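Got the viewer open and a cartoon on screen? Then let's take a walk through this one, stop by stop.

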Amino acid sequence: MLRKTEYEDERNCIMRENAIWVALHKIWEDSSSSGRSLRYLQQQTTGQALWAMNTAEQLQRFPKVPAELWEKLSARKQQFDLSKVEAYLHQNQIHILLYNNPKYPALLKEIHQPPAILYWKGNLHTADLSIAIVGSRKADLYGMTTAEELAAQLSREQVCIISGLARGIDARAHKGALEGQGGTIAVQGCGIDQIYPRENRKLAEQILAHEKGCILTEFPLGSLPLAWHFPQRNRIISGLSQGVIIVQAAVKSGAFITVETALEQGRDVFAVPGQINNPLSAGPHRFLQEGARLITSSADILEEYGQGCLFTTTETPKVTMTLTREEEQILQYFSAEPMTIEEIAYLSRLSMAELMPILSMLELYGLIQQMIGRKYIRVG
């Protein structure tokens, strides 16, 4: 057991080590080779040893690091008072996780160019199952309510919800996740010492107050929420997750790009169907056409990962919404007698591609129910 003085010495050593890597990250933040160089150096030496070397020693010991980085370090090193950096991290309860730390998320290590340093606040934890929920900042009532209820149901089953703290779908997913024990991780596109957008400050406080709530970023202290940060941030959202749910998003939107990144990373993709005439349905429907799994409730996610449906209720998310004309027309064909998809297609004169999203919506509303053999009955 460490004596008090030994514990304090070890704690001070860790604080100084973190402060050095934070300073290096800030000095090199504008370099495209920063991440690669920092990951390499973490596996070769300690921050304190590196900080004590002169430029000639650094160039000789670490030839894989571009000379321009050592020149930047030499030029700006004296600007950093490491004691003040330590105090700032401590006062603001900012934690640092280096790439070579055993606690670094294993899933994130699998992606291309994983972050060299993660900055986090709150309670960073590893869940057996983490699912990202992404979508439009301009989502409608259906999209936001669905995202919140899916997140709440999953969190009650100990699933951690990952999203980006943005307006719309992200915010509602975090809000729903706070209702359960799975918790949530909000990945920011700015420094950890900022909250963006400002309107989500209260939500951020609620996340940090949750026993499994965390805010996380790869960007150095003081980094502004620049436009190019968000596509880069999105790879972390998918990288921390086994699967990604897209609720509502236009094609080529930020959420759409997140899902494309998830596919590149080998993550599972799930899509919530929407109205065929809603532009926000274009993203999910594109992925459904390309093989994403259609989901109508959280039970679909749990089934996919072999966790079964453990909910105390079998209700799917309920949404108050007026049916479209197409949905009303299709609904009139149903009765208590089972009907096949082919029969409905014949009566409605719609193709399967046109019909399936409408059936999915009616099932999501709880108005029809799918039976064995691709048959449906009316229940509402």
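How many of the residues of E6 are buried? Select strand E6, residues 213-217, and switch on its side chains. The answer is 5 of 5, so to speak a mostly covered strand. Bear in mind as you look that this is a predicted model.

**Stop 1: around E6**

Stay with E6 and look along the strand. Gly213, Ile215 and Thr217 point one way, while Cys214 and Leu216 point the other way, and all are buried.

Now bring in the neighbours. Add strand E2, residues 117-122. E2 and E6 pair in the antiparallel sense, with 4 bridges between them. To find your place in that pairing, label Gly122 and look across to Cys214 in E6, which stands opposite.

Next, colour strand E5, residues 184-187. E5 also pairs with E6 over 4 bridges, but here the sense is parallel. Pick Ala186 and you'll find Ile215 as its bridge partner in E6.

Then show helix H10, residues 201-209. H10 lies across E2, E5 and E6, and runs at about 115° to E6. Trace the path from E5 through H10 to E6 and you have a right-handed β-α-β unit.

**Stop 2: the whole sheet**

Zoom out a little and colour the strands from E1 to E9. These 9 strands form an open sheet with mixed pairing, in the order E1-E2-E6-E5-E4-E3-E7-E8-E9. Why do E1 and E9 have a side without a neighbour in the sheet? Strand E1 (95-98) and strand E9 (293-294) stand at the edges and have a single partner strand each, so one side of each is left open in that way.

Now go to strand E7 (243-246) and strand E8 (268-271), a parallel pair joined over 4 bridges. Gly243 is a good residue to click here: Asp268 in E8 stands opposite.

For the helix to show with this part of the sheet, select H8, residues 141-156. H8 lies across strand E3 (130-134), strand E4 (160-163) and E7, and its direction makes about 170° with that of E3.

**Stop 3: rings**

Hide the cartoon and show the aromatic side chains. There are 9 aromatic pairs to find. One of them is Phe256 with Phe287, a tilted pair at 4.6 Å centre to centre and with 35° between the planes. Where in the chain do Phe256 and Phe287 come from? Phe256 sits in helix H12 (254-264) and Phe287 in helix H13 (282-289), so to see the link between distant parts of the chain, 31 residues apart, show both helices. Both Phe256 and Phe287 are buried.

Then select Trp28, Tyr40, Phe62 and Trp70 together: ring pairs link these four into a cluster.

Two charged side chains are worth a click as well. Lys109 lies over the face of Tyr99, 4.7 Å from the ring centre. Arg137 does likewise over Phe230, at 5.8 Å from the ring centre.

**Stop 4: another sheet**

Bring the cartoon back and pick E10, E11 and E12. These 3 strands make an open sheet in the order E10-E12-E11, and the pairing is antiparallel. Strand E10 (339-340) and strand E11 (368-371) are at the edges with a single partner strand each, so one side of each lacks a neighbour in the sheet.

Walk across this sheet pair by pair. E11 is joined to strand E12 (375-378) by 4 bridges, and Met371 stands opposite Lys375 in E12. Over the other pairing, E10 and E12 share 2 bridges, with Met339 opposite Tyr376.

Now add helix H17, residues 352-364, which packs on the sheet. H17 touches E11 and E12, and its direction makes about 110° with that of E11.

**Last stop: the full view**

Reset the view and show everything. In total, the protein has 17 helices and 12 strands. Its C-alpha atoms fill a box of roughly 80 × 40 × 35 Å along the principal axes. Colour by burial and you'll see that 52% of the 380 residues count as buried. If you prefer a contact map, take the contacts with a separation of 6 or more: residues 24 or more positions apart account for 71% of them.

Note on methods:
Residues numbered from 1 in each chain as written. Predicted model: local features only at pLDDT ≥ 70, side-chain atom pairs only at ≥ 80, totals over all residues. Heavy atoms only, no water. Pairing = 2+ DSSP bridges. Contact = heavy atoms within 4.5 Å. Axes fitted to C-alpha atoms, helices over the stretch in contact; angles between N-to-C directions. Phe/Tyr/Trp six-rings, centres within 6.5 Å; stacked < 30°, edge-to-face > 60°. Buried < 20%, exposed > 50% of the residue type's maximum accessible area, 1.4 Å probe, protein only. Lys NZ or Arg CZ within 6 Å of the ring centre and 35° of its normal. Right-handed = clockwise from strand over helix to strand, strands pointing away.
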